[in-house]
Amino acid sequence: MIEGSTFNNNRAADDGGAIYVDTLVGASQSNLKIVNSTFSSNIASDRGAGVHNNNSKVDVQFSTFTLNDAGSTLGSGIHNAGASALTSVWATVVSNNKNSDVSFSGGAAGGSAAHDHDIVLAAV
């Protein structure tokens, strides 16, 4: 679990500027819970400058994703990749990221995402 953390000005040469969550083929699904954390000004050369989820389960609650930049234009805030990927977002602001705030790719439409009415997805 990541709680009460700030990820600012991190960089990745590929995916996952701040965090890259991965499940290897044949392994038990990785799980990550992020609570009350801030992701800002992170850069990924490809996808998921804030968080890149590859075939894992990621739960995000009471957090903020802003000013992140993914070079491929996919998921500057959060990117969900792979048929088994599941990203759930509650009471979280995902806004003002360069290109796109949230994106999906790979497998069966890049897995799935769930969110409740408290999420804000908007460009400012």
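## A walk through the strands and salt bridges

Start by selecting residues 31-35 and 57-61: strand β5 (residues 31-35) runs parallel to β9, and the two pair over five bridges. Bear in mind as you look around that this is a predicted model. To see one rung of that pairing, pick V35 and then Q61, its bridge partner in β9.

Now stay on β9 and look to its other partner in this tour. Select residues 86-90, which make up strand β13; β9 pairs with β13 in the parallel sense, again through five bridges. A handy pair to click here is V58 and T87, with T87 being the bridge partner in β13.

How many of the five residues of strand β9 are buried? Four of them are, so the strand is largely enclosed by the rest of the structure. If you show side chains along a strand, here is a general point to keep in mind: in a regular strand they alternate between the two faces of the sheet.

Next, turn on the side chains of K57 and D59. They meet in a salt bridge, at 2.8 Å from N to O. Is D59 buried or exposed? D59 is buried, at 13% relative accessible area, while K57 counts as partly exposed at 27%.

That pair belongs to a set worth touring, as the structure holds four salt bridges. Go to R47 and D15 for another one: their side chains come together at 3.0 Å, N to O. R47 sits in the loop between β7 (43-44) and β8 (51-54), and D15 in the loop between β3 (11-12) and β4 (19-22), so this salt bridge ties together parts that are 32 residues apart in sequence. D15 is buried, with 12% relative accessible area. Add D46 to your selection too, since D15, D46 and R47 are linked in a network of salt bridges.

For one more charged pair, select D69 and K98. Their side chains form a salt bridge with an N to O distance of 3.9 Å. What does this pair tie together? D69 is in strand β11 (residues 69-70) and K98 in the loop between β14 (93-95) and β15 (102-105), so the link joins parts 29 residues apart in sequence. Both ends are partly exposed: D69 has 21% relative accessibility, and K98 has a relative accessible area of 49%.

While you're at K98, click on N97, which is also placed in the loop between β14 and β15. N97 counts as buried, at 8% relative accessibility. Its side chain makes a polar contact of 2.9 Å with the side chain of D101. Now show what surrounds N97: leaving out neighbours within four places in sequence, N97 is in contact with F65, T66, L67, N68, S76 and G77.

Last stop: N8, in strand β2 (residues 6-8). N8 is partly exposed, with 40% relative accessibility. Which residues does N8 touch, not counting those up to four places away in sequence? They are S40, S41 and N42. Show side chains for N8 and S40 and you'll find a polar contact of 3.0 Å joining them. Before you leave, draw a distance between the C-alpha atoms of N8 and G50: the two residues are 42 apart along the chain, and those atoms are separated by 9.2 Å.

How values were computed. Residues numbered from 1 in each chain as written. Predicted model: local features only at pLDDT ≥ 70, side-chain atom pairs only at ≥ 80, totals over all residues. Heavy atoms only, no water. Helix = DSSP H or I, 4+ residues; strand = E, 2+ residues; numbered from the N terminus. Buried < 20%, exposed > 50% of the residue type's maximum accessible area, 1.4 Å probe, protein only. Polar contact = N/O pair within 3.5 Å; in protein donor to acceptor, adjacent residues only side chain to side chain. Contact = heavy atoms within 4.5 Å. Pairing = 2+ DSSP bridges.
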